[in-house]
Amino acid sequence: MSGDTAKLGFDTLQVHAGWAGDPATGARQVPIYQNTAYLFRDADHAARLFNLEEVGYIYSRLTNPTVNALQGRIAALEGGAGATCCSSGHAAQIMALFPLMAPGDNVVVSNRLYGGSITQFTHTIRRFGWETRFVDIEDSGAVARACNKRTKAIFCESISNPGGHVTDLPKIAAIADRKGVPLIVDNTTATPYLCNPIAMGATLVVHSTTKYLSGNGTSMGGAIVDSGTFDWSASDKFPSLSQPEPAYHGLKFHEAFGPMAYTLHGHAVGLRDLGMTMAPMNAFQTLLGIETLSLRMDRHVANAQKVAEWLEADERVSFVSYPGLKSSAYAKRARRLYPKGAGALFTFGVKGGYESCIRLVDSLKLFSHLANLGDARSLVIHSASTTHRQLTPEQRAAAGAGDEVVRLSIGIEDAKDLIADLDQALAKAEV
Ligand SMILES: *Cc1c(COP(=O)(O)O)cnc(C)c1O
């Protein structure tokens with residue numbers, strides 16, 4: 001089933017979209033196409049494939065049937081025209097910017113991001129001659145002022161990791177529209193079940209599929225979904241898409257492919273030349289994960305609500321950042337934009353500070369102390385001593401990762417067991 005999926009519900013799409021059975025064998029589940037290259041019928045067929053006159057498989061760095069099924073499924077769940085999967089969430093962020101940016105161009109980026117993304121945007125993308133302009137995404141005036149002629153995109157997270165900040169996506173999308181640039185939303189922590197950035201005006205959505213989409217902590221991966229609605233030819237800002245692309249024998253992608261221009265550029269140029277390809281096995285694991293996404297997210301959210309409420313009432317705890325709590329500054333916005341729940345990732349403060357946090361993470365038994373999120377298991381990390389270690393104290397505070405802050409990714413276990421584990425560890429953490 002890869003045709004018109006617009007009328008089907010989320011629970012149906014997560015099991016069916018992108019795959020109607022194997023055309024070669026009838027295999028119902030998506031097979032792992034563990035192969036590198038594909039036979040051409042004849043020389044004319046090969047020429048048509050290389051000219052992008054016919055859709056088909058050439059070489060698995062560009063396209064692979066297992067990965068393609070996952071691309072179709074994620075695009076359907078996000079309500080996009082097409083998707084490109086790649087080797088990790090960080091690969092997806094580079095791949096998302098690649099068709100848009102040239103040396104000297106800039107991207108306006110929220111300072112409330114996953115720590116690894118802040119590092120990538122602060123240091124690594126400069127090597128490409130790209131500039132990052134960090135802004136407080138709550139300050140829409142600052143977002144608008146940061147955009148200039150060389151701005152090619154605005155980038156933010158839907159629910160930001162780890163601070164529990166809920167971005168006002170319709171408002172930021174309106175600014176992007178006025179500036180004539182795409183809004184790119186990292187929807188990793190919300191997932192397409194809880195949030196649809198495209199429906200709120202985003203042009204591009206990026207994912208670390210490593211997290212909730214794969215769901216079991218087995219497989220690295222990333223995805224970029226394009227809404228298919230941005231007019232790349234409305235200005236001269238996006239020559240890779242609107243002008244003859246020298247990296248693909250002068251093809252004009254937008255003119256030739258319309259709403260699929262950005263996605264096909266991602267496959268034919270991005271994956272071909274950057275090589276950040278998702279492995280078929282990882283695509284398979286991620287497809288299996290997505291089959292239960294809505295069921296898991298409902299449980300993740302219900303558990304997160306119970307654990308957050310319990311923590312907030314505990315006197316050893318200084319604050320809880322969960323947007324599902326009435327006390328959250330973002331509670332009203334979260335209810336408006338995410339009626340099915342505000343995710344399952346939040347931070348809380350331990351009154352004893354840095355030392356107590358270290359004791360807490362060492363005393364927890366059910367929670368796993370590691371650098372990941374979105375696993376079926378509950379996870380804990382002290383961001384200041386781990387993921388956010390490379391950042392300055394100011395960047396840490398802005399990202400909601402100060403010394404006394406512990407981050408939880410609530411899993412799908414019994415909530416009462418998670419609460420009992422936190423209770424005993426908080427007792428051991430007291431200094
Ligand atoms: C994990 C994560 C990333 C990076 O994804 P990888 O798959 O680890 O490369 C990006 N954004 C967010 C919000 C994340 O949680």
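**Ligand site and pockets**

Colleague: Which helix contributes the largest share of the shell around the ligand?
Modeller: The model is a predicted one. In its ligand shell, one helix provides three residues, the largest share. That helix spans residues 89-97 and is α4.

Colleague: Which residues come nearest to the ligand?
Modeller: The ligand is surrounded by 16 residues, counted with a heavy-atom cut-off of 4 Å. Within this group, the nearest are G89, D186, S208, T210 and K211.

Colleague: At what distance does a polar side-chain atom of D186 lie from a nitrogen atom of the ligand?
Modeller: For polar contacts, the cut-off between N or O atoms is 3.5 Å. The D186 contact pairs a polar side-chain atom with a ligand nitrogen, and their separation is 2.6 Å.

Colleague: Which residue places an N or O atom of its side chain 2.8 Å from an oxygen atom of the ligand?
Modeller: G89 has a polar atom 2.8 Å from a ligand oxygen, but that atom belongs to the backbone. The side-chain contact to a ligand oxygen, at 2.8 Å, is made by S208.

Colleague: How much of the ligand's accessible area does the protein cover?
Modeller: Taken on its own, the ligand has 380 Å² of accessible area. The share of this area covered by the protein is 94%.

Colleague: How do the residues of the shell around the ligand divide by class?
Modeller: Glycine is counted as polar in this scheme, so G89 of the shell falls in the polar class. Over the shell, the division is three nonpolar, 10 polar and three charged.

Colleague: In which pocket does the ligand sit?
Modeller: The largest pocket holds about 1,000 Å³ of space, and the second largest about 370 Å³. S208, T210 and K211 are among the residues nearest the ligand, and they are also among those nearest the centre of the second largest pocket. The ligand is placed in the second largest pocket.

Colleague: Which elements give two or more residues to the lining of the second largest pocket?
Modeller: This lining has 25 residues, with H90 and Y114 among those nearest the pocket centre. By class, the lining comprises five nonpolar, 16 polar and four charged residues. The elements supplying two or more of the lining residues are α4 and β8 (204-208).

Colleague: Which element gives the most to the lining of the largest pocket?
Modeller: The lining of the largest pocket comprises 25 nonpolar, 14 polar and two charged residues. At least two residues each come from α3 (65-78), β1 (82-86) and α11 (261-274). With seven residues, the leading contributor is α3.

Technical notes: Residues numbered from 1 in each chain as written. Predicted model: local features only at pLDDT ≥ 70, side-chain atom pairs only at ≥ 80, totals over all residues. Heavy atoms only, no water. Polar contact = N/O pair within 3.5 Å; in protein donor to acceptor, adjacent residues only side chain to side chain. Areas by Shrake-Rupley, 256 points an atom, 1.4 Å probe, with all protein chains shown as cover. 1 Å grid on protein atoms, 1.4 Å probe; cavity = no way out; pocket = protein on both sides within 12 Å on 5 of 7 lines; lining within 4 Å. Sits in = over half its atoms within 2 Å of the grid points. Helix = DSSP H or I, 4+ residues; strand = E, 2+ residues; numbered from the N terminus. Points joined across faces, edges and corners; volume = space filled by probe spheres on them.
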